[in-house]
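Here are my notes on the model you sent over, in the order I'd go through them on screen. Have the viewer open while you read.

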Amino acid sequence: MQKVCLTVNGREVSAEIDERTLLLEFVRDVAGLTGTHNGCLEARCGCCVIEVDGDVVKSCNVLAVQVDGAEVTTIEGLAPQRLAPVDHITTQSLAGMYRPLEAVRGTPDDLHPVQAAFHRCHAVQCGFCTPGMVMVLKDYLEENPEPTRDDVRRAIAGNLCRCTGYQHIVDAAMEAAAELRGDPAPEGAAHGATAAADGG
Ligand code: FES
Ligand code: FES
């Protein structure tokens, strides 16, 4: 057993853990942040991507002891400021599983621009891949503010989505890039306009 201490979304989390504990397991089971998903445990699907000291990593491919002392950001850390937790379970809050923003009494303005673009562009179906996609794209767009659609496809090459066919994810990335650059939204433009412009 070994003591590991990480700062996760600004909160210090420490525990005595088996040296074989994956960073993914630490985040989910010790820090209790289940937005980071386990899709393969083989560094193939990208569902488990988080940031460690500013770089994205597949957290199933890293031991927690290897990053002792690191600053970690998970999907829950991207928009933590204003979202209120659901304080009690009701029929309405369960129905909110299909309207998650309403369930936590949030609005798209509460979200990181990549999350908000996913919401606008319907880039989520089952949502299992979404946390990893968002984390990868957040990191990529910070470094590459003017990507082409092909650049975005290359950026998410390590992330698998079984549902969407990727088109709306690329749409969302292009909209998020424009917002992060501070470009004014084209008047009357709906999401996907960039897809039409470059052939999808
Ligand atoms: S669970 Fe880490 S890449 Fe699939
Ligand atoms: S939305 Fe279902 S796997 Fe991507």
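1. Start with Leu-41, which, setting aside neighbours within four places in sequence, is in contact with Leu-22, Leu-24 and Cys-60. Leu-41 sits in the loop between α1 (23–30) and β3 (49–52). Keep in mind that this is a predicted model. Despite those contacts, Leu-41 is partly exposed, at a relative accessible area of 42%. For another reference point, the C-alpha atoms of Leu-41 and Ser-59 are 8.8 Å apart, with the two positions 18 residues apart in sequence numbering.

2. Now the overall layout. The chain has eight helices and five strands, and along the sequence they run β-β-α-β-β-β-α-α-α-α-α-α-α. Of the 200 residues, 44% count as buried. Looking at contacts with a separation of 6 or more, 55% come from residues 24 or more positions apart. The exposed surface is about 10,800 Å², and carbon and sulfur atoms supply 50% of that.

3. On to charge pairs. Side chains of opposite charge can pair when their charged atoms come close. How many salt bridges does the count come to? The count is ten. One of them joins Lys-138 to Glu-51, with the closest N and O atoms 2.7 Å apart. That pair ties together distant parts of the chain, since Lys-138 is in helix α5 and Glu-51 in strand β3, 87 residues apart. Are these two residues buried or exposed? Lys-138 counts as buried because its relative accessibility is 9%, and Glu-51 counts as buried because its value is 8%.

4. Glu-179 and Arg-120 make another salt bridge, with 3.8 Å between the closest N and O atoms. This pair also links distant parts of the chain: Glu-179 belongs to helix α7 (residues 167–181) and Arg-120 to helix α4 (residues 113–120), 59 residues apart. Glu-179 is partly exposed at 40%, and Arg-120 is likewise partly exposed at 36%. Back with the earlier pair, salt bridges that share partners join Glu-51, Lys-138 and Glu-142 into one network.

5. Arg-44 pairs with Glu-42, their closest N and O atoms being 2.9 Å apart. Both of these residues are exposed.

6. Last, the surface charge. Asp-53, Asp-55, Glu-71 and Glu-143 form a negative patch. Glu-143 is found in helix α5 (residues 130–143). Patch members need over 30% relative accessible area, and Glu-143, at 61%, is exposed.

Definitions and conventions. Residues numbered from 1 in each chain as written. Chains lettered and ligands numbered in written order. Predicted model: local features only at pLDDT ≥ 70, side-chain atom pairs only at ≥ 80, totals over all residues. Heavy atoms only, no water. Patch = residues over 30% accessible without salt bridge, like charges linked within 9 Å, V, L, I, M, F, W, Y side chains within 5 Å. Areas by Shrake-Rupley, 256 points an atom, 1.4 Å probe, with all protein chains shown as cover. Salt bridge = Lys/Arg side-chain N within 4 Å of Asp/Glu carboxyl O. Lys, Arg positive; Asp, Glu negative; His and termini not counted. Charge placed at Lys NZ, Arg CZ, Asp CG, Glu CD. Helix = DSSP H or I, 4+ residues; strand = E, 2+ residues; numbered from the N terminus. Buried < 20%, exposed > 50% of the residue type's maximum accessible area, 1.4 Å probe, protein only. Contact = heavy atoms within 4.5 Å.
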